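Hi everyone, thanks for coming. I'd like to walk you through a model today, so have a look at the screen and then we'll go through it together.

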Amino acid sequence: MITDFDRFAMNRALVLAARGLETTHPNPRVGCVIAQGTKIIGEGWHERAGEAHAEVAALAAVRNAGLSPTGSTVYVTLEPCSHYGRTPPCTDALIAAGVARVVYCVQDPNPEVSGRGAELLRQAGIATESGLMEAESVDLNIGYMKRRTYGRPWVRVKLAMSLDGRTALANGASHWITGEASRADVQHWRARSSAVMTGVGTVLADDPRLNVRLAPEKPDEEPWQPLRVVLDTKLRTPRDSSLFATGGEVLILTEDATRGAAFAAMGVMVEAIPALNGRLDLSAVIDRMGELEVNEMLVEAGPTLSGELLRQGLVDELLLYVAPKLLGPQGYPLVELPQLNDLQDALGFTVAGVQRLEDDLRLRLRPR
């Protein structure tokens, strides 16, 4: 039976898991709390791939405090792993520690775990329960869950517009529609993404860096950088692009990768993707991102690429920043979509979240 303390402890575990929001790629964000009765005796979370998992970190915290985990209840936001990866199985550590009960939010869709972790715990005589705060855990790991289930990342398209749905003036000027708070917020969405993708049109027009420009947690380290991906059918990206002047890897997807020797000499990855009607096959692009273990992909592109992703049903979420400005009817549209003759054919969205950022609004929208 789930108690109020169980809910309290799991909520704390979710808070801990969120500390890894920008650092665990390609692993899930996981938090763990260990309690004796209604007293928390240890906490931990997974910080980076290759480092201790949340359960192991929490067990270490218990022992570092001079306490014993024997007979305790473990609250963890994802089913404990049961396989050898970069670290040993967490199930082995929990069994060896003599814990009495494990409560977790949701089953791990990783086929190497996927129910096996829970079964190993039960076989060892450990009471095991799941489903507590499942929705919260899934939302925290929305990209990991999708990739492990369907082989594709969670595709999030970031757009900024005026009140009349314009992204730039008729002359192309767009810096800055939104305010400083919105631009700072985008940095955190980049940091939590495994990859940031754009089209060559945006590269040619804006020369973006697309990197994370947050202050590092530790003075002696640089912020983690997502993979930056450029869709460039005819390989028109300038070699002096700002993309190449900052840290982090860049991948150019193009129709004919044999023309990319000059980029390869610069340390830029170039891969071939099939083209359809003169444009790269976006479905194949998304599949490739899944193969590269991209959990969440942030798309920062113009109306053509953003509109095509929406038209093909490849968008999982819109991150839409709305500035309280009017740019007029001649400005650039938010996205390019086919002409509609019936309102019933319009793309519909549900509102997953609204946040005010100084004078701007940020909407999180998910297709119906």
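Glu358 is found in the loop between strand 17 (349–357) and strand 18. Strands here are DSSP runs of E with at least two residues, helices are runs of H or I with at least four, and both are numbered from the N terminus. Glu358 has a positive phi of about 55° although it is not a glycine. For background, most residues other than glycine have a negative phi, and most peptide bonds are trans. With a relative accessibility of 55%, Glu358 counts as exposed; the cut-offs are under 20% relative accessible area for buried, over 50% for exposed and partly exposed in between, using a 1.4 Å probe and protein chains only.

Before I go on, two notes on the source. This is a predicted model, where local features need pLDDT of at least 70 and side-chain atom pairs count only at pLDDT 80 or more, while totals for chains, interfaces and linings use all residues. Residues are numbered from 1 along each chain as its sequence is written, and side-chain values use heavy atoms, with hydrogens and water left out.

Back to the backbone. Glu293, also not a glycine, has a positive phi of about 65°. Glu293 sits in the loop between helix 10 (282–291) and strand 14, and with a relative accessible area of 39% it is partly exposed. Then there is the peptide bond from His25 to Pro26, which is cis, with omega near 0°. Pro26 belongs to the loop between helix 1 and strand 1 (31–36).

Now to charges. How many salt bridges does a search of the whole structure find? The count is 23, where a salt bridge is a side-chain nitrogen of Lys or Arg within 4 Å of a carboxyl oxygen of Asp or Glu.

Let me pick out three. Asp6 and Arg101 meet through their side chains in a salt bridge, at 2.9 Å from N to O. This pair links distant parts of the chain, with Asp6 in helix 1 (residues 4–17) and Arg101 in strand 4 (residues 101–104), 95 residues apart. Both Asp6 and Arg101 are buried.

Next, Glu300 pairs with Arg190, and their closest N and O atoms are 2.7 Å apart. Glu300 lies in the loop between strand 14 (296–299) and helix 11 (303–311) while Arg190 is in helix 7 (residues 180–191), so this salt bridge ties together parts that are 110 residues apart in sequence. Glu300 counts as buried at 8% relative accessibility, and Arg190 is buried with a relative accessible area of 7%.

My third one joins Arg364 and Glu317, with closest N and O atoms 3.2 Å apart. Arg364 is in strand 18 (residues 360–367) and Glu317 in strand 15 (residues 317–322), 47 residues apart. Arg364 is buried at 15% relative accessibility, and Glu317 is buried at 0%. Both also belong to a network of salt bridges that links Arg29, Asp139, Arg156, Arg192, Glu296, Glu317, Arg364 and Arg366.

What about empty space? The structure holds one cavity of 30 Å³ or more, a cavity being a set of points on a 1 Å grid over the protein atoms alone where a 1.4 Å probe fits but cannot get out, with lining residues having an atom within 4 Å of a point. The largest cavity has a volume of about 60 Å³, that is, the space filled by probe spheres set on the points, which are joined across faces, edges and corners. Some names will sound familiar: its lining includes His25 from the cis bond, along with Arg29, Arg192 and Glu296 from the network. By class, the lining of the largest cavity has one nonpolar, seven polar and three charged residues. In that scheme Ala, Val, Leu, Ile, Met, Phe, Trp, Tyr, Cys and Pro are nonpolar, Asp, Glu, Lys and Arg are charged, and the others, Gly among them, are polar.

Last, two charges over rings. The charged end of Arg19 sits over the ring of Trp45, 4.6 Å from its centre, and Arg183 lies over the face of Trp176, at 4.5 Å from the ring centre. The rule asks for NZ of Lys or CZ of Arg within 6 Å of the ring centre and within 35 degrees of the ring normal.

Thanks, everyone!

Conventions. On a 1 Å grid over the protein atoms alone, a cavity is a set of points where a 1.4 Å probe fits but cannot get out, and a pocket is an open set with protein on both sides within 12 Å along at least five of seven lines; lining residues have an atom within 4 Å of a point.
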